[in-house]
Amino acid sequence: MDYQYHIFSPYRVCPLGAHVDHQHGLVTGFAIDKGVDLWFNISDDTSVKLTSRTFEGDVMFHVNTPSQVREHHWGDYARGAKYALRKRFELTRGIEGVIQGSLPVGGLSSSAAVLIAYVMALAKANDITLQPFEVVKIASEAEREYIGLNNGLLDQACIALGKKDELLFLDCDTNEYRHIKFGSANDSLPKQGGLEGLFEIGIFFSGLTRSLVNSDYNLRVYECKTAAWNMLAYTDQPLKTFDKTFLRDIPKATFDKTKIAMPSRFARRAEHFYSEYRRVRQGVTAWETGNLKLFGKLSFDSCESSIHNYECGSPELIAIYEIMRELPGVWGGRFSGAGFKGACIALVDPAHKEEIEKTLTKKYLEQFPEYEKTFQVFWVKPDNGARFV
C-alpha cells in the first residue's frame with residue numbers, strides 16, 4: 001500500500017540526568033538517527049488500523065470511543081495516544097498504517113518514540129496543531145496514566161525537541177529548556193559547525209531485553225518519594241499527597257540534616273538525586289566551555305551513582321560499563337534508560353570506534369558467552385527530533 005504520510009520519531013540517549021526527571025530534576029539528552037518510522041493514511045471514518053513490521057498481530061480500534069484497559073500488547077501505545085488526546089480534543093478521524101523500529105534494543109525509549117509518532121499522526125488526522133512541548137506532555141501523560149509507567153518528561157522531550165548539533169538541557173520542574181552548542185561559551189575555541197567528528201554514540205546492547213513496566217522502575221520512583229516524605233516528616237513540615245511529593249522541592253540542606261535518620265535505601269535514592277543535580281549543572285558548564293573530557297567523566301560518575309545509590313543495573317550492564325571505562329577513546333557513558341537490563345551508551349572518539357567495538361565485544365563475551373548471538377554494537381549520531389519526512 002502507498003502511504004501519504006511518514007513520521008520519523010527518533011530514539012534518545014541521556015548522557016547526564018539519570019533517574020531524576022520523575023523527581024523534577026535536571027536532565028540532558030540527544031535524539032539519535034535511529035528510531036521509529038510510522039507510515040499512514042488518514043481514515044475516512046473513526047477507525048484506526050495498524051500493523052507492525054516488528055511485532056505480530058494487527059491493531060484495530062475507534063478514536064471516538066473511550067480507551068479500555070490495557071491489553072498488554074503493542075497496540076496499547078496507539079490506544080494510549082488516543083486516550084491522552086481525547087482528554088483535550090474531539091477525535092473524528094482515525095489512521096491506517098504500518099510502524100517499524102530500527103534498533104532491537106532496550107534502553108533507548110522506544111516506547112516514548114512510538115507514543116510520540118502516534119500522537120503526531122492522530123493530531124494530523126484530526127487537524128489538530130500541536131507545539132512540540134504539547135506533544136511531549138500528551139505523550140508523557142499517555143505513558144503515565146494509560147501504560148502505567150511513572151516517568152518524567154526526559155524521554156519525550158529528547159525525542160520531540162532534539163536538535164542535531166546541540167545538547168538539550170531541560171528543567172523538569174519548570175519545563176524550561178534550551179539547546180546548547182558545544183563550546184558556545186568559550187571564545188578561545190573555534191566555533192563548532194556541528195558535532196560531526198567530535199564524537200559518535202556507541203550503543204552496547206547486553207543481549208538481555210527489558211520492560212520498564214515489569215522492572216523495578218516504578219518501585220524506585222516510590223522510594224524517591226518516600227525519601228522526600230521522610231525529610232518532610234523529620235523536619236515537621238506538612239506532608240503532601242504522594243503524587244505531589246518530589247525531591248526537587250526539598251533543599252539539599254534538609255537532606256544533609258535528615259539522611260542519618262532515614263532507612264539507608266531511601267537515603268541512597270535521595271543521594272543520587274542531589275548528586276545528579278550537581279553533575280548536570282557541572283556537565284552543562286563543561287559542554288558550554290567545550291570540555292568533552294569533563295562532560296564524559298561526569299557521565300561515568302552518573303553511572304557509578306546509578307549502581308551504588310540508585311541500585312539499578314544488571315551484572316551484564318555493569319560488566320559493559322566497567323569494560324568501556326578502561327578503553328581509550330571513550331569519553332564517557334552510562335546505562336541507557338532505566339538501567340534494568342538493556343544497553344549502555346558511550347560518547348566515543350570516532351577514530352577509536354573499531355578498536356572499542358572489537359575489544360569490548362571480546363571482553364564482554366568472555367564473561368557472558370551465553371549472549372554471543374544477542375550481544376550487539378550500534379553506532380549512532382545525534383539527530384533532529386520527531387518530524388514528518
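A residue counts as buried when its relative accessible area is under 20%. By that cut-off strand 2 is mostly covered, with 13 of its 17 residues buried. The model described here is predicted. The points below cover strand 2 and its partners, the loop that leads into strand 2, a pocket, one helix, and two further residues with positive phi.

**Strand 2 and its partners**

- Strand 2 spans residues 26-42, and a loop lies between strand 1 (5-13) and strand 2.
- Strand 1 pairs with strand 2 in the antiparallel sense, over 8 bridges. Within this pairing, Phe8 has Asp37 of strand 2 as its bridge partner.
- Strand 5, residues 95-101, runs antiparallel to strand 2 and is joined to it by 7 bridges. Here Phe40 stands opposite Gly97 of strand 5.
- Strand 6, residues 166-171, also pairs with strand 2 in the antiparallel sense, over 4 bridges. Leu26 has its bridge partner, Asp171, in strand 6.
- Strand 12, residues 382-383, pairs with strand 2 over 2 bridges, again antiparallel. Ala31 stands opposite Asp383 in strand 12.

**The hairpin of strands 6 and 7**

- Strand 6 is joined by 5 bridges to strand 7, residues 177-181, and the two run antiparallel.
- Glu166 has Lys181 of strand 7 as its bridge partner.
- The hairpin has 5 residues between its strands, and Asn175 in this hairpin takes a positive phi near 65°.

**The loop between strand 1 and strand 2**

- His22 lies in this loop, as do Gln23 and His24.
- His22 has a relative accessible area of 5%. This is under 20%, so His22 counts as buried.
- Gln23 is buried as well, with a relative accessible area of 0%.
- The side chains of His22 and Gln23 make a polar contact at 3.1 Å.
- The side chain of His22 also makes a polar contact with the side chain of Tyr310, at 3.1 Å.
- Leaving aside residues up to four places away in sequence, His22 touches Asn150, Asn151, Gly152, Tyr217, Val221, Cys224, Phe246 and Tyr310.
- With the same residues left aside, Gln23 touches Val221, Cys224, Lys225, Thr245, Phe246, Leu247, Arg248 and Phe273. Val221, Cys224 and Phe246 are among the residues touched by His22 and also among those touched by Gln23.
- His24 is not a glycine, yet it has a positive phi of about 65°.

**The second largest pocket**

- The second largest pocket holds about 450 Å³ of space.
- It is lined by 21 residues, and those closest to its centre are His24, Arg144, Asn151, Gly152 and Phe246.
- His24 comes from the loop between strand 1 and strand 2. Asn151, Gly152 and Phe246 are also among the residues that His22 touches.
- By class, the lining consists of 8 charged, 7 polar and 6 nonpolar residues.
- Helix 3 (132-147) and helix 5 (217-234) each supply at least two residues of the lining.
- Helix 3 gives the most to the lining, with 4 residues.

**Helix 9**

- Helix 9 covers residues 315-325, and its buried residues are Glu316, Leu317, Ala319, Ile320, Tyr321, Ile323 and Met324.
- An α-helix has 3.6 residues a turn, so residues three or four places apart point the same way.
- The buried residues of helix 9 pack against two helices, helix 8 (292-308) and helix 10 (353-367).
- They also pack against strand 8 (200-205), strand 9 (330-335) and strand 10 (343-348).

**Positive phi outside the strand 1 to strand 2 loop**

- Asp236 is a residue other than glycine with a positive phi, near 55°.
- Asp236 is placed in the loop between helix 5 and helix 6 (252-258).
- Asp236 has a relative accessible area of 70%. This is over 50%, so Asp236 counts as exposed.
- Asn175, in the hairpin of strand 6 and strand 7, also has a positive phi, near 65°.

Conventions:
Residues numbered from 1 in each chain as written. Predicted model: local features only at pLDDT ≥ 70, side-chain atom pairs only at ≥ 80, totals over all residues. Heavy atoms only, no water. 1 Å grid on protein atoms, 1.4 Å probe; cavity = no way out; pocket = protein on both sides within 12 Å on 5 of 7 lines; lining within 4 Å. Points joined across faces, edges and corners; volume = space filled by probe spheres on them. Nonpolar A, V, L, I, M, F, W, Y, C, P; charged D, E, K, R; others polar. Buried < 20%, exposed > 50% of the residue type's maximum accessible area, 1.4 Å probe, protein only. Polar contact = N/O pair within 3.5 Å; in protein donor to acceptor, adjacent residues only side chain to side chain. Contact = heavy atoms within 4.5 Å. Pairing = 2+ DSSP bridges.
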